[in-house]
Amino acid sequence: MDRTLMVYFLKRLDWWLLAALLVLVVLGVLFVYSASYRGEGIPVNTDYRKQIVWAILGIGVFLIVALIDYHWLGRCSWLLYGCALLLLLLVLVIGETRSGATRWISLPWFDIQPSEIAKLGTLLALARFLSLSSTDSRRLYVVALAGVIAAVPFFLIFIEPDLGTAAVLIPLTACLLFVAGVPLRILCCLGVLGLLALPLGYQVLDDYQQHRIDVFLNIDSDPLVYGWTKQQSLIAVGSGGLTGKGYLAGTQNVLGFLPRSVADNDFIYSVIAEETGFVGAALVLALYAAILLCAFRAALVSRDKLGRLLSVGVATIIFSHVFVNIAMTIGMMPITGLPLPLVSYGGSFMVVTMCGLGIVQSVYVRRAQR
Amino acid sequence: MIGSRREKVASDVVRARALLALMLLAFGVLIVSLYNIQVASTSKYEIALDRQSMRWIRMPGMRGQILDRNGKIFADNRPSYNVAIFLEELRLVKAKVSETFEKLRPVVGYPATAGEKEVNDHVLNLKPLPLMAWRDLDEAALARFAEQCSMFSGVDIQVEAVREYPQGALASHVIGYVGRTNMLHDAQRPFHFYTDEMIGKSGIERRFDDVLRGQAGGRLMRVDVEGFHREDIVVELPKPGSDVQLAIDVTIQQAVEEELQDAVGSAVIVDPRNGDILAMASSPSFDPNIIVPFITTESWNVILQNPDHPLLNRAIQGSYTPGSIVKPIVALAGLENGKLDPGHVVHCPGYFMLGSHKFGCWLTYGHGDMNLANAIQSSCNVYFFTAGLAMGEEYIVHMAHAVGLGRQAGIEIGGERAGLVPDAAWKRERLDESWWDGDTCNLSIGQGPITVTPLQMALVTAAIANGGTLYRPRLVQGIRAPGGQTFSEQPATVANRLDWSDASLGIVRQAMLNTVMSARGTGRNAAVPGVAIAGKTGTAEFGPKALGKKRGWMIAFAPFDEPRYAVAMVLDHAATGGGADVGPRLQRIFGKLFQVTVSEAPPEAGHG
């Protein structure tokens with residue numbers, strides 16, 4: 001890339017998106033550290049260092065993807081989608097099973113979670129399919145084909161099982177179909193059909209899967225684990241008050257009432273809310289709102305449908321995670337293992353989110369001239 | 001076509017905007033919920049947080065001292081060095097506790113004092129507190145442990161205050177002892193944990209527990225999810241207790257206890273000028289140091305199974321038939337009511353016939369002609385039978401009540417027996433029999449159902465000595481607040497003022513003086529050269545007549561003109577009687593009180 005192109009790129013970059021993203025990543029590292037803090041003089045585990053590495057890697061991925069023309073990504077979408085499906089199949093064969101779920105492929109220096117990659121793969125495939133000039137989104141078969149594209153990874157992730165991640169594919173598909181212009185009456189019918197199909201699908205499942213869904217739907221069915229965590233998370237959030245207890249001073253986490261296995265990933269928002277109070281918790285939510293606004297702005301100024309759908313898709317994935325995670329933290333929703341984008345400890349999802357935001361940036365940089 | 005395409009794009013834009021609006025609305029819902037939880041109901045969650053992670057621990061205050069009237073220490077605190085295991089540092093579960101015990105065992109050199117049950121209870125219920133594995137290390141073990149203690153993490157020496165009684169068994173019935181408790185519930189503040197605390201179980205320790213114990217402090221600590229101690233939030237230091245000063249004089253108490261060492265009995269010395277208890281002894285006694293801080297079941301059984309009941313404080317809990325020591329009271333009853341002419345002479349042939357019933361005098365061949373003074377000095381029963389019948393039992397009962405017999409004297413340590421002064425009403429109610437002259441005869445010489453305590457008799461003696469003031473016993477002389485210099489004086493209180501005329505009291509006192517000082521007096525064995533001592537002996541029969549069991553009594557006061565000591569002493573099993581068995585003991589006690597060396601002359605046989 002020559003110098004003028006670089007200047008052009010930098011001039012058109014969405015600095016707001018970059019800023020919000022950087023602040024969230026920094027907050028993430030700080031609170032992963034805080035979540036593993038046990039008190040003065042007690043060694044902190046090294047998760048936060050890994051998180052720094054993942055954050056730097058993620059920012060790198062973000063910048064590289066931003067430079068790539070998303071049309072090229074569109075053209076590769078079937079390949080990427082296919083690779084994601086292959087990885088999902090692979091994880092079922094060689095994946096590592098932890099607490100009953102086979103979600104990870106162990107590599108020598110880190111683990112990857114193919115279901116995270118599959119989210120992007122599915123997004124790319126759907127966006128590409130729905131934006132093809134030959135696709136008329138008012139046709140029912142188009143909707144059916146889109147459904148098949150989403151259903152395959154959904155099924156593969158579902159049987160891992162990783163219901164939370166699989167479930168994210170549902171709003172993703174729905175929002176893409178909505179923005180792609182599928183008539184509202186078809187979408188409504190699909191919604192109703194989906195609701196009716198739920199009990200049917202439930203019957204098909206094995207007992208242990210049914211149990212998981214029971215737990216998913218109703219925390220009381222496993223009160224010892226989920227009820228406890230929910231209660232402790234609520235106490236942490238509630239006792240944070242308006243301005244919080246101060247960094248590293250959240251007692252719920254330090255004393256171990258908030259289970260340590262989840263404090264730095266699924267329940268990191270609980271740590272943030274306890275230590276920074278309502279002010280900090282609202283600020284984090286505002287940063288996500290800023291990211292959503294940036295993504296939708298990219299969608300609105302996009303020069304074509306592919307860019308619009310990609311941006312809306314990324315926004316939907318981020319929104320789904322943020323909403324479900326925070327609602328779970330404050331006891332509004334059952335506990336599912338959905339991490340908080342950019343903040344929760346974890347590498348695959350960090351890189352995938354950065355990649356998605358890179359696509360949004362790529363769309364924004366190549367926006368229509370007005 | 002182009003138009004429709006534009007329309008399409010426009011519809012995409014509208015839909016995207018609608019979607020964004022929906023997402024932001026959802027975020028708005030989250031913000032409102034967060035506000036409700038974090039700002040509107042903070043206190044609810046703060047309370048829940050504190051409830052699960054805050055613990056109040058009660059910390060006992062240091063017990064005050066118990067001192068004698070000259071500041072000699074009866075009860076004190078000494079440091080006890082304990083091996084404490086801090087569970088939060090070791091993160092120990094029960095199995096690992098015993099492992100640590102095994103490792104420490106060779107260092108200390110003897111098995112842990114904490115039993116298996118105590119350890120289990122502690123790990124279950126008292127996790128944030130250190131576990132005292134070995135209490136009260138001896139010096140050698142302490143030295144060994146101090147050398148090697150750096151090898152063990154989470155194990156340290158902790159110092160605890162333990163009650164100690166430097167005077168040993170001296171006045172143990174008065175001082176009492178303490179016992180461990182861990183359940184002192186505080187109505188004002190519900191504590192989560194109670195550390196071992198000492199409360200008084202008997203004597204002064206028990207009755208003055210509130211004064212001695214001080215004010216407990218508290219420690220507010222944070223515990224983690226497993227219940228281990230994390231940090232202290234607030235430490236409220238306990239306030240030490242007040243010191244209690246007794247009227248007892250260690251030197252006098254020692255003198256008295258020495259005279260009771262080989263016998264079962266009791267003695268009380270009262271200051272006739274104010275009712276101060278200078279000595280109160282009961283034999284056999286016990287050493288409270290073997291009860292505190294803990295006593296083995298065997299040692300406890302040894303005490304409980306002793307037929308002479310060492311825990312019994314005979315000075316206030318022994319009901320004794322008084323025998324002839326009531327004669328001065330009978331005499332005063334007659335004189336004060338004009339029913340007894342001190343010059344009137346009664347002939348004693350050695351017995352007294354009441355109808356067909358024969359009441360004997362102790363001198364079987366008879367005292368001959370007796371006036372009141374002689375009758376007291378020689379303790380003639382026949383004279384008192386006659387005098388008693390002449391005045392009637394009501395005057396005797398009235399006077400006995402007036403000098404405090406038949407009711408508790410009101411000593412601070414409580415637990416007193418009232419004794420008994422029988423009268424017609426009592427006999428009718430108790431035995432459904434009417435009073436007859438034989439009862440009056442018995443009452444006149446202190447036999448029959450009448451019982452008294454040594455304390456009561458010491459107070460009566462003091463009243464005769466001081467001219468008719470019956471004091472309430474004063475055992476506690478003062479109380480000193482922690483850190484204070486002076487004791488707040490407890491005022492002497494008068495129980496009753498007896499308006500005895502100088503004439504009547506003079507006759508009785510003179511007769512009592514003669515009892516000790518005259519060569520023919522029954523109390524002559526108690527005489528000390530150079531000291532005017534007045535007294536009265538008594539020998540009371542008890543139990544089946546055939547066994548011939550006798551209590552030996554003597555009451556005395558000295559010096560005669562300005563009395564400073566009033567004594568009552570009783571022996572449960574007297575070989576001969578008050579004069580022979582108690583007299584010499586009192587002589588030695590008076591010898592020490594007045595610093596007169598008394599030559600050890602064999603006691604003369606005689607009756608009281």
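**Entry 1: Ala375(B)**

I began with Ala375(B), which I located in helix 14 of chain B, residues 372-378. The model is a predicted one, and I read every value below as computed from it. I asked whether Ala375(B) is buried or exposed. Its relative accessibility is 0%, so I entered Ala375(B) as buried; the cut-off for that class is under 20%.

I then looked up which residues Ala375(B) touches, leaving aside those up to four places away in sequence. The contacts are Met370(B), Cys380(B), Tyr383(B) and Phe384(B). I also checked Ala375(B) against Ala511(B): 136 residues separate them in sequence, while their C-alpha atoms lie 8.5 Å apart in space.

**Entry 2: chain B as a whole**

I next turned to the chain that holds this helix. For chain B I noted 21 helices and 24 strands. Its radius of gyration is 36 Å, whereas the globule rule gives 25 Å for 608 residues; I therefore recorded chain B as more spread out than a compact globule. The spans of its C-alpha trace along the principal axes are about 155 × 55 × 50 Å.

I looked up how much of chain B is buried, and found 54% of its 608 residues in that class. The accessible surface of chain B is about 26700 Å², and carbon and sulfur atoms hold 52% of that area. I also took the contacts in chain B between residues at least 6 apart in sequence; of these, 71% join residues at least 24 apart.

**Entry 3: chain B against chain A**

How many residues of each chain take part in the contact between chain B and chain A? I found 34 residues on chain B and 56 on chain A. The two chains bury about 3800 Å² between them, and 76% of this lies on carbon and sulfur atoms. On the chain B side, the residues that lose the most area to chain A are Arg15(B), Phe27(B) and Gln38(B), which together give 19% of what that side buries.

**Entry 4: aromatic pairs**

I searched the whole structure for aromatic pairs and obtained 17 over all chains. For Trp78(A) and Tyr81(A), the ring centres are 6.2 Å apart and the planes stand at 85 degrees, so I classed the pair as edge-to-face; that class needs planes over 60 degrees apart. Both residues belong to helix 4 of chain A, residues 70-94, and because they are 3 residues apart there, about one helical turn separates them. I recorded Trp78(A) as partly exposed, at 38% relative accessibility. Tyr81(A) is buried, with a relative accessible area of 9%.

I then examined Tyr565(B) and Phe594(B), whose ring centres lie 5.5 Å apart with planes at 85 degrees, so this pair too is edge-to-face. The pair links distant parts of the chain, 29 residues apart: Tyr565(B) is in strand 24 (residues 565-571) of chain B, and Phe594(B) is in the segment after helix 21 (578-593). I found both Tyr565(B) and Phe594(B) buried.

In chain A, I also noted a cluster in which ring pairs link Tyr33(A), Tyr37(A) and Tyr48(A).

**Entry 5: charges over rings**

Last, I looked for charged side chains over aromatic rings in chain B. Which ring does the charged end of Arg551(B) sit over? I found that of Phe542(B), with the charged end 3.6 Å from the ring centre. I recorded Arg509(B) over the face of Phe560(B), 4.8 Å from the centre of that ring.

Note on methods. Residues numbered from 1 in each chain as written. Chains lettered and ligands numbered in written order. Predicted model: local features only at pLDDT ≥ 70, side-chain atom pairs only at ≥ 80, totals over all residues. Heavy atoms only, no water. Phe/Tyr/Trp six-rings, centres within 6.5 Å; stacked < 30°, edge-to-face > 60°. Helix = DSSP H or I, 4+ residues; strand = E, 2+ residues; numbered from the N terminus. Buried < 20%, exposed > 50% of the residue type's maximum accessible area, 1.4 Å probe, protein only. Lys NZ or Arg CZ within 6 Å of the ring centre and 35° of its normal. Rg over C-alpha atoms; globule rule 2.2 N^0.38 Å. Contact = heavy atoms within 4.5 Å. Areas by Shrake-Rupley, 256 points an atom, 1.4 Å probe, with all protein chains shown as cover. Buried area = accessible area lost by both parts, 1.4 Å probe.
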